[in-house]
Every structure is written in C-alpha cells, then in structure tokens.
Amino acid sequence: IRCSNAVYFNREGIEKNMKILTLGDIFGEPGRTALTSKLPELIKKKEIEFVIVNGENAADPGVGITKKNAEDLFEAGVNVVTTGNHVWDQKETADFISSEKRLLRPENLIKGSPGNGYGIFTSKRNKKIAVINLMGNVFMKKSENVFEAANKIMSKIKLKKEADYIVVDMHGEITSEKMAMGHLFDGKATIVFGTHTHVPTSDFRIMQNGTAYQTDLGMCGDYNSVIGMDKENSLKKFLKDPTSIKHFPSKGEATLSGLLVTADEETGLARKVESILIGGAFEERY
C-alpha cells in the first residue's frame, strides 16, 4: 500500500498515543471492495487501533447500508459505522440498527428514530472511545438543531471522564456548519471530521485547543466519477438528455480517503494528523 504524500502536523514528545483512523463515505461496491481489500493491511502497517467509517452509501446503488454491508465492514476491521441522511434508504436498516450498536445514525434525527446517535466503544487496549454521529440542518433532511444536540451530548460525555477519546462525525452539506462544529468541540473532542460531500478537503489540521479536524474526509469510491456516480450518465442528467437513466456507481478502482490521527493517551487530544489517500485516481498523482 502506498499512501499520499501528506503533510504532517506534530506536537513534540509523542510517547503514549492512540491511532484512530476515520474514513469517508463508503460508496457502493467499489468503495466496499477497496475497504475490504486494503484496510486490513493498512491497520497492520500503521498500527491502527480503532477504525470509524461512514457507511450511509455502502449499499448498491450507492444509497443506504444493508446488514450484510455492515457485517462485511466489521469483518474487515471497522469498529464503528456512522451514517447520515441516507441511513433509511435500505428498508431493512430500521430493523437491525437497534440491535447492532456499532452502527450509528445521526443523533439529531427526529425523536423516536430507531438506533443510537452515539455510543462508547472499547479499543484493542481497553480504552473507551465515544463516537458521536451528527447531521447538519442546512440543505439536509429535516432534523433537530444539530448544535443543541451537540451541547446535550457534551454535557453527558466529557473527555477523559466518561471516555478516553471522543470522535465526532458531522455529516453535512455546507462547510460553515462543519467548521463551527469543529470549534464547538475544540479541546473537548479528539477528532471532528465532516462527511457527505464526497470531496476531500485539504484543511486537515490540529485546531487551537488540540482537536484534530477536517471539513470533509471525501469518499471511499471511484473518483473518476461525479461524487461516485457514473460520469457519462451524470452529464446526461445535467444536460437533460432523455437517454439518461437512474444514477449508478462508477465501477473504476476506488480510493480509500480519510484521516489518521495519533492522539495522546493522557489528554485525549490530537498530536499528529495524516491524510490517507490510497489507490484509484488520487494515487496516480504521486
């Protein structure tokens, strides 16, 4: 596996640490194949202890997630799967999400939604990792105020008290909501990352008070596409071509896209961040 020529942000004196990998939206069969084929080796090579992926686009044709999809991701080494506005696009998800605690849905969905919006999980070395799944309000499905929901969770789960590490997936359309959420959690969470747009941003960094942040991780899918969908058919859609058909995933080699964070065991805050771009169209740039 060859990783991207990423820029590293370090704080001196790393001794005790935890490596947490976060990956963007798994998009259809290409994304699933890339993850199941590349993740086990990446975990071993980078000595990763905990893996979080957004799986809301894992099912074919790139919408929702099935029980089999989730099981395959867990088998490959994923610890927790987050979702977003497409969480219910596969009807079976509502039936199994309550029993599968490792699969989350946005915490600020309308009250009464099945499943959980956050949970506290255990790493290989018995460290407690809280994973929080949130969804933006602008240009997204109707949901409760995401910032009020975040504040409620922060009052319940505090870094180095209820959890050794806290990771937040902010699934949203606009950058301002994601950036604001990063600042809200800065110093109170280990990592805040954005998902949903399927385009990786280059602003990955450690924020002023120690939280690792990236506006969007991008997707684990074929980037020779239109956000994962077949590019020729997408162009027909935009051009109002009557021969266009329902969107379907681009079938080229997918790129694993995400962020690897090394966190300090004493503070629970980030010490180092590394962009992960493996395989597919992005790897050809290096």
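# Briefing: contacts and burial in a predicted model

The charged end of K160 sits over the ring of Y165, with 5.3 Å to the ring centre. This is a predicted model. Its salt bridges number 14, and a search of the whole structure turns up one aromatic pair. The points below take up helix α4, the charged pairs, the rings, and two buried loop residues.

**Helix α4**

- Helix α4 spans residues 146–156, and its buried residues are V146, A149, A150, I153 and M154. These residues lie on the same side of α4, because they cover an arc of only 135° around the axis.
- An α-helix has 3.6 residues a turn, so residues three or four places apart point the same way.
- E148, K152 and S155 are on the other side of α4, and they are exposed.
- The cover over the buried residues of α4 includes strands β6, β7 (128–135) and β8 (165–171), along with helix α5 (175–185).
- N145 acts at the start of α4: one of its side-chain oxygens comes to within 2.9 Å of the backbone nitrogen of F147.

**Salt bridges**

- K46 and E274 form a salt bridge through their side chains, at 2.8 Å from N to O. This pair links distant parts of the chain, 228 residues apart: K46 belongs to helix α1 (residues 28–46) and E274 to strand β14 (residues 270–278). Both K46 and E274 are buried.
- K68 and D72 form another salt bridge, also described by an N to O distance of 2.8 Å. The two are four residues apart in helix α2 (residues 67–76), so about one helical turn separates K68 from D72. D72 is partly exposed, as its relative accessible area is 28%.
- E100 and R102 meet in a salt bridge of 2.9 Å, N to O. E100 counts as buried because its relative accessibility is 18%, under the 20% cut-off. R102 has a relative accessible area of 34% and is partly exposed.
- Beyond that pair, E49, R125, K127 and E265 are joined into one network by salt bridges that share partners.

**Aromatic rings and charges**

- A pair of aromatic rings is described by the distance of the centres and the angle of the planes.
- One aromatic pair is found in the whole structure. It consists of Y223 and F282, whose ring centres are 4.1 Å apart and whose planes are at 20°, so the pair is stacked. The cut-off for stacking is under 30 degrees.
- Y223 lies in the loop between β12 (219–220) and α6 (231–238), while F282 lies in helix α7 (residues 280–283), so the pair ties together parts that are 59 residues apart in sequence.
- Y223 counts as buried, at 16% relative accessibility. F282 counts as buried too, at 16%.
- R102 has a second role to note besides its salt bridge with E100: the charged end of R102 sits over the ring of F74, 3.8 Å from the ring centre.

**Buried loop residue G62**

- G62 is in the loop between β4 (50–54) and α2. With 1% relative accessibility, G62 counts as buried.
- The contacts of G62, leaving aside neighbours within four places in sequence, are F27, G28, N57 and P249.
- P249 is 187 residues from G62 along the chain, yet their C-alpha atoms are separated by 6.3 Å.

**Buried loop residue S113**

- S113 is placed in the loop between α3 (93–96) and β6 (118–122). S113 counts as buried, at 19% relative accessibility.
- The side chain of S113 reaches the backbone oxygen of I110, at 2.7 Å.
- S113 also touches W88 and R105, not counting residues up to four places away in sequence.

**Ends of helix α6**

- At the start of α6, D230 extends a side-chain oxygen to within 3.2 Å of the backbone nitrogen of E232.
- K240 follows α6, and its phi is positive, near 60°.

Technical notes: Residues numbered from 1 in each chain as written. Predicted model: local features only at pLDDT ≥ 70, side-chain atom pairs only at ≥ 80, totals over all residues. Heavy atoms only, no water. Buried < 20%, exposed > 50% of the residue type's maximum accessible area, 1.4 Å probe, protein only. Polar contact = N/O pair within 3.5 Å; in protein donor to acceptor, adjacent residues only side chain to side chain. Contact = heavy atoms within 4.5 Å. Arc of directions from axis to C-beta. Salt bridge = Lys/Arg side-chain N within 4 Å of Asp/Glu carboxyl O. Phe/Tyr/Trp six-rings, centres within 6.5 Å; stacked < 30°, edge-to-face > 60°. Lys NZ or Arg CZ within 6 Å of the ring centre and 35° of its normal.
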